Amino acid sequence: MTDHENDLLDVAPGEPHSNILSESIAYVIGLGLAVILTGVSFWVASTASLWGPGVAVGLVVLAIAQMGVHLVFFLHVTSGPDNTNNVLALAFGVLIVFLVMVGTIWIMAHMNANMAPMPEMTNLQIQRG
Amino acid sequence: MSTVNEAPAVGLTHHGSEDTGLGNRGPQSKSIVVPYGFWLFVLSDMVLFSALFATYASLVHATDGGPAGHQLFHRSLVAVETGALLASSFVCGLAVIAAKQKNMLWTQVLLFATGLLGFVFLAIEIYEFRSMIAEGAPPQRSAFLSSFFTLVGCHGAHVTAGLLWLGTMMAQIWTKGFQPHVGRRLLCFSIFWHALDIIWVAIFTIVYLIGTLP
Amino acid sequence: MFGRLTWDAIPFNQPIPLITSLVVLMALAVTAIWITRNGWWGYLWNEYFTSTDHKKIGIMYVVLALLMLVRGFADAIMMRAQQSLAIGNSQGYLPPEHYNQIFSAHGTIMIFFMAMPIIIGFMNFVVPLQLGVRDVAFPTLNNVSFWLSASGALLINVSLFVGEFARTGWLAFPPLSEKAFSPGVGVDYYLVALQISGVGTTLTAVNFVTTILKIRAPGMSYLRMPVFCWTSLASSLLMLAAFPVLTATLAMLMLDRYLGFHFFTNDGGGNSMLYMNLIWVWGHPEVYILVLPAFGIYSEVVSTFSGKPLFGYRSMIFATLAICILSFTVWLHHFFTMGAGADVNAVFGIASMLIGIPTGVKIYNWLFTMYGGRVRFTVPMHYAIGFMFTFVIGGLTGILLAMPPVDFVVHNSLFLVAHFHQVIIGGVVFAVMAGYTYWFPKAFGFTLDERLGKAVFWCWFIGFHLAFMPLYVLGLWGATRRMQHIPDPTWAPYLDVAFVGAAIIGLGIVLTVVQLLYSIKTRDQRRDVTGDPWDGRTLEWLTLSPPPHYNFAVLPDVHGEEAYWTRKQTAIKQDQLIAEPNYQPIEMPLHSPTGVIVAFFASVCGFAIIWYIWWLAILGLVGAFAVFVWYAWRDEHEHVIPLEEVIANARERRRIRKEHLHNLSQSV
């Protein structure tokens, strides 16, 4: 099979496909970025210098960024034409994860809000102590 | 492309003129098919975790008068766990590179390091669970605790299964060498291991950091 | 030593399960003796049970499903009888605790162990042939998937004579399904059986998505795939996405029951509404998992028997993928009445109505395919037309139900029961019967008797309408589902009509068995010599019937949509086959007992978990892991089909086809 044809083949997810040095460097960069993002997350969660409600959003953004770092540098899921199937599968997975999580949280919040108050239930809390 | 008038020749008559390699070339090789199938399985596992995350988010305040996250979680422990798992993922990546170079010594050393760091992660987690149970916060105490132990415990169970798999891979590489099917399995293991670290990012962010915000 | 298993578990004092169990055990014994006396165990073991051949695995799935159809239908006719008898002062013949097990078993078996296996069975048999390849991506995994489904089915059936089944409906809603209110083994049987078979289904999904995306004949781009393959892809994507949610949810219920967790309990902060939400996140995609391949079967049948290419191929694919995605956005319509409020209900109500649009597109496409074509009213075509009539009405009642205000009136009434049976029977069951008739000759080398086939169709069509149309009326009059006793005697005539309908369906099932036996007996009269009995349009009809183990001597070169049809027409016009290709010896995967052994350990482990026999459960788990490791250590993965065999089979096929196509070209 010619090299030209090799380039047109799909690539396995997680499979690095260049030389050993650049592959190792990819992992080192990934590790570095991940460490930085983790450190920043821990700092953001403990600092008082950020606006309160923004902290949770910021943490989520940092988490998504770090997941991206893992995907690109460790799992080699990139946007090249040989990776299309891998990316499409990932996109489908992300969509489902989003629908399940956001859908559930939205629905349960409404369900809980519409629950009638139940005075006798609060006694259980006192009983358990 | 053959015209209608002549009988089309059989065999691979499509050499990349009309497609981007996305499926016209006939069945793809095992080295692509196997990891892709495993990637799909990993994505389905992510959906499983999303159901557990959704449950956790719905039940996080259902403490039934019992202890809540900010009373139970220790960020310093979580930081060490996170570091161990991340390092484990990194070393695993290097092990795959060593395996591609068919270097038995480095592959086994790096895989052993992967397992060791994974074991450190697990040990800390088990310690955390035991101390929570000892201080009166077992999973049976409240819905919040049930969902915490299940979400984090499910991840831990995956790590445990991964370590069993890792041990099996190390033995298999040792006895069979770097045959193609062994290499494919190692690649699948590394996809699994990296995916577990991705899920851990979500866990430490949502459960331990957001969960203990003032 | 044996956990909570005692001799009390066997229903000595309950005549119906006792007698049924004895009959089933006797039937099993007779079958085993018959097989032994004919010396067929070796053949069954080598050719079927350990087979990694997608065709054999597909056949096993269908056989499993048809057996479970009998059990599920038996439950149905018992329910109909009870509802006809238990009116006014009469309590019927089934006490509530027994009746509740029957409707729970009916739903569980029909969805999980009849509909799912039969659809997966068809996907297994047909998809690799239609894609022009030799097998699925992971053949041994395919075998394991089948046996895990069988293991789940086995456990469900064991519950009939050791212990009891769940009384909580086919979805086991808490808090009723929690330990406090269902302390027996019934719900545990349900949970364990579904978890085991759920693993099998998830693995099947991985297999088929990978196969359809990565393993196709040369030249078969996405837009040249048959529609059945597209629908199988969409269904497999849904399986992949939805089943993990089922696994997680059932696992949480198991944790509640086994370890005292509080996910869905009444106390400790548990929230049983969360279970409803999560189970339907799975439950709605599940019904599309079933119906999308059914739509694919209709696409194949309608275009073949209209003698025309399918109308609107691209819109069909687009509609399929739209349904695939949308099916994950409508799940709340199963619990409009649970109290999420008007805003949430409105969003999901609108989404539920939207999902009817792509289905409508499909119906129009099928109708336009028939229009202007030369329609042959074969048995599969009967089912296709019957489907269009039945399913459209069922879909319309679905649109009614999609409106929250309407749903508030008829939720969980017989109106709902009639709706979902209409779409499942009209959609899935009719498709399965059509596909069974359509692909039977490909699998076994002879067609089924046509007259008996039409009789079966009319039994299903008439029986279905008699059985379920009255239920719409009753539902609007306030009849709730799952009633063991009927309070209002004016409902009696309607329930009696429904019973007659069920009996006619039963006749249809009996006639299906008769048709099969008769067709086998007279098979020489209806041999499929050419491999193409219906003048088909897709690649499975290129092979002889049944195809060789490896399907194609050389993977066919695909040059357009309807690969086989174009090739056939060219060959007829030129009165010659394509040039003989360059044959090679063929590598095929080895057979493997892994599936059978893993399923054995899974069943043992499952049974042990249900009965709290912990040492046995651990043994089962260890055994299963040991099998994996043993399998992983094998060095031989494939065997080679020798060149002489490939050439001999191929030349035989060419000889037959040449003659057949020559005859066709003379008559044109």
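# Notebook: chains A, B and C of a predicted model

**Chain B, overall.** I looked up burial in chain B and found that buried residues make up 52% of its 214 residues. I counted a residue as buried if 20 or more other C-beta atoms lie within 10 Å of its own, as exposed if 12 or fewer do, and as partly exposed in between, with C-beta atoms placed from the backbone. This is a predicted model, in which local features need pLDDT of at least 70 and side-chain atom pairs count only at pLDDT 80 or more, while totals for chains, interfaces and linings use all residues. Residues are numbered from 1 along each chain as its sequence is written, and chains are lettered from A and ligands numbered from 1 in the order in which they are written.

I then noted the secondary structure of chain B, which comes to six helices and zero strands. Helices (H or I, at least four residues) and strands (E, at least two) are DSSP runs, numbered from the N terminus. In order from the N terminus, the elements of chain B read α-α-α-α-α-α. I took the contacts in chain B between residues at least 6 apart in sequence, and 80% of these join residues at least 24 apart. Two residues are in contact here if their C-beta atoms, placed from the backbone, lie within 7 Å.

**Helix pair in chain B.** I checked H3 (residues 75-100) against H4 (residues 104-134) of chain B: their axes come within 8 Å and cross at roughly 160°. This makes H3(B) roughly antiparallel to H4(B). Angles under 35 degrees count as roughly parallel, over 145 as roughly antiparallel, 65 to 115 as roughly perpendicular and the rest as oblique. The axes are lines fitted to C-alpha atoms, for helices over the stretch in contact, and the angles run from 0 to 180 degrees between N-to-C directions. H3(B) passes H4(B) in a left-handed crossing, meaning that the near helix is turned anticlockwise from the far one by less than a right angle (right-handed if clockwise). I sorted the residues of the contact of H3(B) with H4(B) into 19 nonpolar, four polar and three charged. Nonpolar covers Ala, Val, Leu, Ile, Met, Phe, Trp, Tyr, Cys and Pro; charged covers Asp, Glu, Lys and Arg; the others, Gly among them, are polar.

**Helix pair in chain C.** I did the same for H4 (residues 96-131) and H5 (residues 139-161) of chain C, whose axes come within 11 Å and cross at roughly 160°. H4(C) and H5(C) are therefore roughly antiparallel to each other, and H4(C) passes H5(C) in a left-handed crossing. On the H4(C) side I listed Thr108(C), Ile109(C), Phe113(C), Pro117(C) and Asn124(C), which meet Asn142(C), Ser149(C), Gly152(C), Ala153(C) and Ile156(C) in H5(C). By class, the residues of this contact are five nonpolar, five polar and no charged.

**Chain interfaces.** For chains A and C, I found 13 residues of chain A in contact with 18 residues of chain C. H4 (residues 84-113) of chain A gives the most to the side of chain A that touches chain C, with 11 residues. That side of chain A has nine nonpolar, four polar and no charged residues.

For chains B and C, 44 residues of chain B are in contact with 46 residues of chain C. H1 (30-59) and H5 (143-176) of chain B each supply at least two residues of the side of chain B that touches chain C, and H1(B) gives the most to that side, with 15 residues. I split that side of chain B into 20 nonpolar, 20 polar and four charged residues.

**Domains of chain C.** Chain C is divided into domain 1 (40-590 + 636-667) and domain 2 (591-635), with bounds that come from an automatic or database domain assignment. Their centres, taken over C-alpha atoms, are separated by 28 Å. The contact takes 25 residues from domain 1 of chain C and 17 residues from domain 2 of chain C. H5(C) gives the most to the side of domain 1 that touches domain 2, with 11 residues.

**Backbone oddities in chain C.** Most residues other than glycine have a negative phi, and most peptide bonds are trans. I noted a cis peptide bond from Pro174(C) to Pro175(C), with omega near -5°; Pro175(C) lies in the loop between H5 and H6 of chain C. Ala172(C) has its place in the loop between H5 and H6 of chain C and has a positive phi of about 50° although it is not a glycine. Ala172(C) counts as buried, with 24 C-beta neighbours inside 10 Å.
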